[in-house]
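Here is a protein model to explore together. Have a look at the display, turn the structure around, and then read on.

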Amino acid sequence: DEPLQEVFDAARTLPEINFVMTWHAEKLAKHIKKTLPPNVLLTGFLEIDDFNQLFANAGVALVLTKNEGVQLSGMQEAMAFEIPAVVSDLNTSRFLYKDFPVYVKNNPVSIAKGIKHAFQNERELEEKIRKLRIESEKEFHAQMSNFRASLYP
């Protein structure tokens, strides 16, 4: 459900930025694999420690989907590691994450512009993602308290 071709096209316009994606090269169509930009690395599956190390050292998390109604797991990692996030501009994303990430349309120009913005505003966006994490944790704890109260009145 990710707009892969659009990301590859955006990567071509940002040769100074390395795109590291946990995607399997063997799952790509041959014509796409042959034309991957040199700044795109597809890691395939990573063990949890390697994945965490990669994510913790990322400058920006690119978390895109074409589908509404999707809770983006990449946003959870971005929040955990306090990494600025560039996210697909969908109703579900805006409902869940409010104005905390950088929103983009799923096209190469918008994706590239959002990535540039995230790098240029890294400190401000790190603070915003930290606030989102804290708000989400508070909401989770409140929901768990309500749930426990309903089980044990």
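This report visits the pockets, then a sheet, and finally a single alanine. Please keep in mind that you are looking at a predicted model.

**The two pockets**

Let us begin with the largest pocket, which has a volume of about 890 Å³. It is lined by 32 residues, and those closest to its centre are V20, M21, T22, F55 and L62. Several elements give two or more residues to this lining: the helices α1 (4-13), α3 (48-56), α4 (73-81) and α6 (108-120), together with the strands β1 (19-21) and β3 (61-63).

The second largest pocket holds about 380 Å³ of space. Here the lining has 16 residues, with Q76, M79, L96, S136 and E139 nearest the centre. Two or more residues of the lining come from each of α4, α5 (91-97) and α7 (122-151). The largest share belongs to α7, which supplies eight residues.

What kinds of residues line the pockets? The table sorts them by type.

| Pocket | Nonpolar | Polar | Charged |
|---|---|---|---|
| Largest pocket | 21 residues | eight residues | three residues |
| Second largest pocket | seven residues | four residues | five residues |

**The sheet**

Next, find the strands that make up the open sheet. There are three of them, in the order β3-β4-β5, and their pairing is parallel. The edges are formed by β3 and β5 (102-104), each of which pairs on one side only. On average, neighbouring strands of this sheet are turned by 20° against each other, if direction is ignored.

What holds strands together in a sheet? In general, strands pair through backbone hydrogen bonds, and the pairing can be parallel or antiparallel.

You can follow one pairing in detail: β4 (residues 85-88) and β5 are joined in the parallel sense over three bridges. Try to spot S88, which stands opposite V104 in β5.

**A closer look at A10**

Finally, pick out A10, which lies in helix α1. Is A10 buried or exposed? Its relative accessible area is 0%, and buried means under 20%, so A10 counts as buried.

Which residues does A10 touch, leaving aside its neighbours within four places in sequence? A10 is in contact with P108, I111 and A112. The pair A10 and A112 is a nice one to look at in the display: the two are 102 residues apart in sequence, yet their C-alpha atoms are 5.1 Å apart in space.

Notes. Residues are numbered from 1 along each chain as its sequence is written. This is a predicted model: local features need pLDDT of at least 70, side-chain atom pairs count only at pLDDT 80 or more; totals for chains, interfaces and linings use all residues. Side-chain values use heavy atoms; hydrogens and water are left out. On a 1 Å grid over the protein atoms alone, a cavity is a set of points where a 1.4 Å probe fits but cannot get out, and a pocket is an open set with protein on both sides within 12 Å along at least five of seven lines; lining residues have an atom within 4 Å of a point. Grid points are joined across faces, edges and corners, and a volume is the space filled by probe spheres set on the points. Helices (H or I, at least four residues) and strands (E, at least two) are DSSP runs, numbered from the N terminus. Ala, Val, Leu, Ile, Met, Phe, Trp, Tyr, Cys and Pro count as nonpolar, Asp, Glu, Lys and Arg as charged, and the others, Gly among them, as polar. Two strands pair if DSSP finds at least two bridges between them. Axes are lines fitted to C-alpha atoms, for helices over the stretch in contact, and angles run from 0 to 180 degrees between N-to-C directions. Buried means under 20% relative accessible area, exposed over 50%, partly exposed in between (1.4 Å probe, protein chains only). Contact means heavy atoms within 4.5 Å.
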